[in-house]
Amino acid sequence: MMTTAAPLRSAALAVLASGGVLVVVAASLGGSAAASGALVGTLVAVAVFGLGAAAVQLVARVMPAASLLFAMVTYTFQVVVMALFFVALNRSGLLEGTLDRGWLGGAIIVGVLVWTSVHLVAAANARIPAFEQVPEGMVRRDQANVEGGGK
C-alpha cells in the first residue's frame with residue numbers, strides 16, 4: 001500500500017529529474033543565465049507545488065469533508081504566489097542578465113506538466129475503495145431496522 005507521502009515524493013523527484021535535464025540543455029544552448037533560469041524555475045515549481053500538495057494532504061487527513069474546498073483555495077494561492085514571484089523577479093532586475101526569462105518560465109511549465117502527470121498516474125493507480133465492505137454476519141446500522149423486521 002502506498003503512503004500518502006509517496007506521490008509527493010515521486011512528483012518532486014520527477015520534476016527535479018526533468019529540471020536537471022533542462023539545466024544541462026539550457027547550459028549548453030544558452031549559457032549560465034539560461035542554466036540559472038532553468039534551475040530557479042525547477043526549484044520554484046517543486047517548492048510551490050510540493051508545499052501546496054502537502055497542505056492539501058494534511059487537510060484531507062484531518063478534515064476530509066473540507067479537502068476539496070481547501071484544494072481549490074490552495075490552487076488559487078499557488079497561482080498568486082507564482083505571480084508575486086514573477087513580480088518580485090522583475091523588480092529585482094535578476095531577469096535582466098542573471099536569469100534567462102524564457103528558461104525560467106519554460107522550467108516552471110515543464111515542472112507543472114510533469115507534476116500533474118505524475119499525480120494523474122498515481123491517482124489512476126490508487127486503490128481507493130468506493131464503498132464500505134461489511135464483514136459477513138454484521139449488519140450496518142442503517143439496515144438493521146429493515147432487515148430485522150422493525151416497524
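The following exchange introduces a predicted model of one chain.

Residues are numbered from 1 along each chain as its sequence is written. In this predicted model, local features need pLDDT of at least 70 and side-chain atom pairs count only at pLDDT 80 or more, while totals for chains, interfaces and linings use all residues; side-chain values use heavy atoms, with hydrogens and water left out.

Trainee: In what order do the elements of the chain run from the N terminus on?
Mentor: Helices (H or I, at least four residues) and strands (E, at least two) are DSSP runs, numbered from the N terminus. The chain has five helices and zero strands. From the N terminus on, the order is α-α-α-α-α.

Trainee: What percentage of the residues of the chain count as buried?
Mentor: Buried means under 20% relative accessible area, exposed over 50%, and partly exposed in between, with a 1.4 Å probe and protein chains only. Of the 151 residues of the chain, the buried share is 26%.

Trainee: Which helix gives the largest share of the largest nonpolar core?
Mentor: A nonpolar core is a set of buried Ala, Val, Leu, Ile, Met, Phe, Trp, Tyr and Cys residues joined through side-chain atoms within 4.5 Å. The largest one has 12 residues in all, including Leu8, Val15, Phe49, Met82 and Trp115. Helix 1, helix 2 and helix 4 (101-125) each supply at least two residues of this core. The largest share, five residues, comes from helix 2.

Trainee: Is Thr42 buried or exposed?
Mentor: Thr42 is found in helix 2. Leaving aside neighbours within four places in sequence, Thr42 is in contact (heavy atoms within 4.5 Å) with Val15, Leu16, Gly19 and Ala107. With a relative accessible area of 5%, Thr42 is buried.

Trainee: Which elements give two or more residues to the nonpolar patch?
Mentor: Patches are made of residues with over 30% relative accessible area and no salt bridge (a side-chain nitrogen of Lys or Arg within 4 Å of a carboxyl oxygen of Asp or Glu); like charges are joined within 9 Å, and nonpolar side chains (Val, Leu, Ile, Met, Phe, Trp, Tyr) within 5 Å. Leu13, Leu16, Leu39 and Leu43 make a nonpolar surface patch of about 370 Å². The elements that give two or more residues to this patch are helix 1 (5-30) and helix 2 (32-62).

Trainee: What is the relative accessible area of Leu39?
Mentor: Leu39 has its place in helix 2. This residue is partly exposed, and its relative accessible area is 44%.

Key: Areas by Shrake-Rupley, 256 points an atom, 1.4 Å probe, with all protein chains shown as cover.
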